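Q: Please take a close look at a single part of this structure and describe it for a reader who has not seen it before. A connected account would be welcome, with the part set in its wider context at the end.

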Amino acid sequence: MYNENIDDVVCIVTTERSHRLRLYKVDGIAEFNGNLKELVEQFEFLHPISQSCIVNAKNIKSIDLKERKILFVNGEFEYFPRRSLKT
């Protein structure tokens with residue numbers, strides 16, 4: 001079991017390893033076993049932006065719609081697919 005303050009969670013992405021997720025925090029990175037779909041169902045503050053990434057909207061610094069890129073408060077960024085623009 002691993003506890004993390006929800007305000008510190010920036011985004012969670014899949015890794016190359018099956019069922020392994022990478023948690024980007026305001027102050028670092030951690031990895032753990034899990035499933036993105038289950039996390040979205042369990043925690044309402046997490047929102048999917050693609051099949052491989054879920055985000056905490058509180059830690060989004062800016063969104064570039066032309067580049068389809070989300071910049072987070074910790075300097076990390078993720079691209080999102082065109083179909084996400086509709087939602």
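A: Two strands are counted as paired if DSSP finds at least two bridges between them. The strands themselves are DSSP runs of at least two residues, numbered from the N terminus. What follows concerns a predicted model, and the part chosen is the sheet built from strands E6, E7 and E8.

These 3 strands form an open sheet, arranged in the order E6-E7-E8, with antiparallel pairing. Strand E6, residues 60-64, and strand E8, residues 77-79, stand at the edges. Each of these edge strands has a single partner strand, so one side of each is left without a neighbour in the sheet. From one strand to the next, the twist averages 15°.

The pairing of E6 with E7 may be taken before that of E7 with E8. Strand E7 covers residues 69-72 and is joined to E6 by 4 bridges, the two strands running antiparallel. Two of the residue pairs can be named: Ser 62 has Leu 71 in E7 as its bridge partner, and Ile 63 has Ile 70 in E7 as its bridge partner. E6 and E7 form a hairpin with 4 residues between them. In the turn of this hairpin, Arg 68 has a positive phi of about 55°.

On the other side of the pairing scheme, 3 bridges join E7 to E8, and these strands also run antiparallel. Leu 71, the bridge partner of Ser 62, stands opposite Phe 77 in E8. E7 and E8 form a hairpin as well, with 4 residues between the strands. Here Gly 75 takes a positive phi, near 95°.

The two faces of E7 can be told apart by their cover. Ile 70 and Phe 72 make up the covered face, whereas Lys 69 and Leu 71 make up the uncovered one. Ile 70, on the covered face, is the residue that bridges to Ile 63.

Before the sheet comes Asn 59, in the loop between strand E5 (53-56) and E6. Its relative accessibility is 8%, and residues under 20% count as buried, so Asn 59 is classed as buried. A polar atom of the Asn 59 side chain lies 3.0 Å from the backbone oxygen of Asp 7. Leaving aside neighbours within four places in sequence, Asn 59 is in contact with Asp 7, Asp 8, Val 9, Val 10, Val 26, Phe 72 and Val 73. Phe 72 in this list also belongs to the covered face of E7.

The setting of the sheet is a chain with 1 helix and 8 strands. Along the sequence, the pattern reads β-β-β-α-β-β-β-β-β. For 87 residues, a compact globule would have a radius of gyration near 12 Å, and the chain agrees with this at 12 Å. The C-alpha trace spans about 40 × 25 × 25 Å along its principal axes. Buried residues account for 31% of the 87 residues in the chain. The accessible surface comes to about 6200 Å², 48% of it belonging to carbon and sulfur atoms. Among contacts in the chain with a separation of 6 or more, 29% are made by residues 24 or more positions apart.

Methods
Residues are numbered from 1 along each chain as its sequence is written. This is a predicted model: local features need pLDDT of at least 70, side-chain atom pairs count only at pLDDT 80 or more; totals for chains, interfaces and linings use all residues. Side-chain values use heavy atoms; hydrogens and water are left out. Axes are lines fitted to C-alpha atoms, for helices over the stretch in contact, and angles run from 0 to 180 degrees between N-to-C directions. Buried means under 20% relative accessible area, exposed over 50%, partly exposed in between (1.4 Å probe, protein chains only). A polar contact is a pair of N or O atoms within 3.5 Å; within protein, one must be able to donate a hydrogen and the other to accept it, and residues adjacent in sequence count only if both atoms are side-chain atoms. Contact means heavy atoms within 4.5 Å. The radius of gyration is taken over C-alpha atoms; the globule rule is 2.2 Å times the number of residues to the power 0.38. Accessible areas come from the Shrake-Rupley method with a 1.4 Å probe; for residues, only the protein chains shown count as cover.
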